[in-house]
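Thanks for making the time. I will go through one structure, contact by contact, and keep it short.

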Amino acid sequence: LFTAGNGVEAFAKVDMVKADKGVWEYTQSDCGHGTYYTYTVTTSVGTQEATDPYAKAAGVNGNRSMVVDLSKTNPEGWGKKFNSGIKSYADAVIWEVHVRDFSNTIADSQYKGKYLAFTETGLKNEAGLPVGVDYLKELGITHVHLLPSYDYATVDEANPDSGFNWGYDPKNYNVPEGSYSTDPYNGEVRVREFKQMVQALHKNGISVVMDVVYNHTYSIDSNLNKVVPYYYYRYNTNGTPSNGSGCGNETASNREMYRKYMIDSVTHWMKEYNVDGFRFDLMGIHDVETMNMVRAMMDSIDPSLLLYGEGWAAGGPLYTGDLAMKANMQLLPGIGAFCDDMRDALRGPFSDNNKGAFLIGEPGYEESIKFGLVGCIEH
């Protein structure tokens with residue numbers, strides 16, 4: 001137990017007690033909001049220190065979990081349900097953006113590269129044109145799709161301008177990224193400011209879709225693997241990690257407790273942050289049953305919420321007929337998938353930015369355009 005998220009020695013070390021079904025627990029009345037903590041876990045691979053995979057807040061760079069009273073993080077007026085008013089996926093106009101890139105070059109912004117830049121209005125560029133949220137309103141979009149904004153591994157939160165990453169390298173799934181907050185050292189701040197961002201977009205009539213990356217972690221040396229080695233990942237028959245993500249590891253959604261973890265995590269972002277939808281990175285790595293359970297959970301809260309993802313993977317050990325891939329979309333009612341066929345037919349091969357396609361008049365892409373227009377189904 002620590003008084004801060006970094007730099008201080010533990011003020012106490014306590015033994016946890018093994019309870020039913022493999023759960024370890026410890027209760028202390030004065031271990032409240034603002035206390036930071038880690039786990040020391042002894043398993044078959046030895047003794048390792050880990051953060052809590054279920055943590056809702058963390059200190060700088062996500063290296064210590066934080067006990068958080070989430071009610072203390074609610075901005076004024078928080079909690080009112082937002083209704084986008086759209087009746088179907090076809091009504092959604094989605095604008096994808098990286099939180100840092102949204103504002104880091106806006107000269108007049110007081111919160112360049114931060115969550116709070118979404119709360120600013122009245123900003124203009126050098127030509128006198130609206131920027132920031134005012135620009136989004138002018139566009140007429142219905143949804144902002146935020147590139148990964150949970151706590152990811154590769155940007156130093158203490159020095160966020162020293163590097164850049166899209167965010168597809170998960171560290172703490174249920175904690176907002178600290179480099180986008182005004183104080184990454186205080187775990188409460190990132191939670192509150194993420195809520196302020198969502199609240200501001202809702203006030204301007206814009207829904208929020210969150211990009212989530214449950215298919216892999218930054219490294220297989222993750223907190224999940226430290227807590228329960230080998231359980232949360234898939235492996236090849238020779239014992240090496242499978243790599244359907246192309247990132248060196250592949251999570252196992254078909255295992256009961258990772259399936260539960262994914263559903264619990266999505267539920268947390270929906271209920272605590274009022275997020276209006278999710279885009280699943282490499283959805284094709286996850287099994288059909290898990291994705292349908294995610295959709296069912298969302299329907300129980302609000303059937304109008306969006307759920308879509310990438311319907312492909314880079315291989316992997318599971319039978320493709322059991323995976324949430326494009327070819328199996330008939331098994332995934334209420335879930336959308338990106339149509340990379342149509343994308344590549346319009347702009348050219350994804351791997352070659354120098355080659356044109358339909359948009360510059362090259363022939364040969366007509367059938368892929370037709371395929372996209374009918375929703376990537378056989379016709």
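I will start with a single residue. Glu 250 counts as buried, since its relative accessibility is 2%. Please keep in mind throughout that this is a predicted model.

What does Glu 250 pair with? Its partner is Arg 234, in a salt bridge whose closest N and O atoms are 2.7 Å apart. Both residues sit in the loop between H4 and helix H5 (256-273), so the bridge ties together parts that are 16 residues apart in sequence. Arg 234 has a relative accessibility of 6%, so this partner counts as buried too.

Now the wider set of charge pairs. A search of the whole structure finds 18 salt bridges. One of them joins the side chains of Asp 151 and Arg 190, at 3.7 Å from N to O. Asp 151 belongs to strand E9 (residues 150-152) and Arg 190 to helix H3 (residues 187-203), so this bridge ties a strand to a helix, between parts 39 residues apart in sequence. Are these two buried or exposed? Asp 151 is at 0% relative accessibility, so it counts as buried. Arg 190 is also at 0% and is buried.

Another bridge runs between Arg 279 and Asp 211, with the closest N and O atoms 3.1 Å apart. Here the distance along the chain is 68 residues: Arg 279 is in strand E12 and Asp 211 is in strand E11. Asp 211 is buried, at 0% relative accessible area, and Arg 279 counts as buried at 7%. Which residues share a network with this pair? Salt bridges with shared partners join Asp 211 and Arg 279 to Asp 281 and Glu 310, in one network.

Next, the rings. There are 21 aromatic pairs in the structure. Trp 95 and Phe 102 make one of them, an edge-to-face pair with the centres 6.4 Å apart and 80 degrees between the planes. Trp 95 counts as partly exposed, with 23% relative accessibility, whereas Phe 102 is buried at 9%.

Why is the pair of Tyr 214 and Phe 280 called tilted? Their ring centres are 5.6 Å apart and the planes meet at 45 degrees, so the pair falls in the tilted class; edge-to-face would need over 60 degrees, and stacked would need under 30. This pair also links distant parts of the chain, 66 residues apart: Tyr 214 is in the loop between strand E11 (207-212) and helix H4 (223-227), and Phe 280 is in strand E12 (residues 277-280). Both Tyr 214 and Phe 280 are buried. They belong to a cluster linked by ring pairs, whose other members include Tyr 54, Tyr 150, Tyr 173 and Tyr 231.

Two rings have a charge over the face. Arg 64 lies over Phe 2, at 3.7 Å from the ring centre. Lys 195 lies over Tyr 273, at 5.9 Å from the ring centre.

Right after Tyr 273 comes a backbone point. Asn 274 has a positive phi of about 60 degrees, although it is not a glycine. Asn 274 is in the loop between H5 and E12 and counts as buried, at 15% relative accessibility. Asn 61 likewise has a positive phi of about 60 degrees without being a glycine. Its place is the loop between strand E5 (46-50) and strand E6 (65-66).

On to the surface. Which residues form a nonpolar patch there? Phe 358, Leu 359 and Ile 360 do, with about 340 Å² of accessible area together. Phe 358 lies in the loop between helix H7 (340-347) and helix H8 (366-373). With a relative accessible area of 36%, Phe 358 is partly exposed.

Last, the chain as a whole. It has eight helices and 14 strands. The radius of gyration is 22 Å, and the globule rule gives 21 Å for 379 residues, so the chain is as compact as a globular protein of that length. The C-alpha trace spans about 70 × 55 × 40 Å along its principal axes. Of the 379 residues, 48% are buried, and Glu 250, where I began, is buried as well.

That is what I have. Questions are welcome.

Methods: Residues are numbered from 1 along each chain as its sequence is written. Side-chain values use heavy atoms; hydrogens and water are left out. Patches are made of residues with over 30% relative accessible area and no salt bridge: like charges are joined within 9 Å, nonpolar side chains (Val, Leu, Ile, Met, Phe, Trp, Tyr) within 5 Å. Accessible areas come from the Shrake-Rupley method with a 1.4 Å probe; for residues, only the protein chains shown count as cover. A salt bridge is a side-chain nitrogen of Lys or Arg within 4 Å of a carboxyl oxygen of Asp or Glu. Helices (H or I, at least four residues) and strands (E, at least two) are DSSP runs, numbered from the N terminus. Buried means under 20% relative accessible area, exposed over 50%, partly exposed in between (1.4 Å probe, protein chains only). Rings of Phe, Tyr and Trp (its six-membered ring) pair if their centres lie within 6.5 Å; planes under 30 degrees apart count as stacked, over 60 as edge-to-face and the rest as tilted. A charge sits over a ring if NZ of Lys or CZ of Arg is within 6 Å of the ring centre and within 35 degrees of the ring normal. The radius of gyration is taken over C-alpha atoms; the globule rule is 2.2 Å times the number of residues to the power 0.38.
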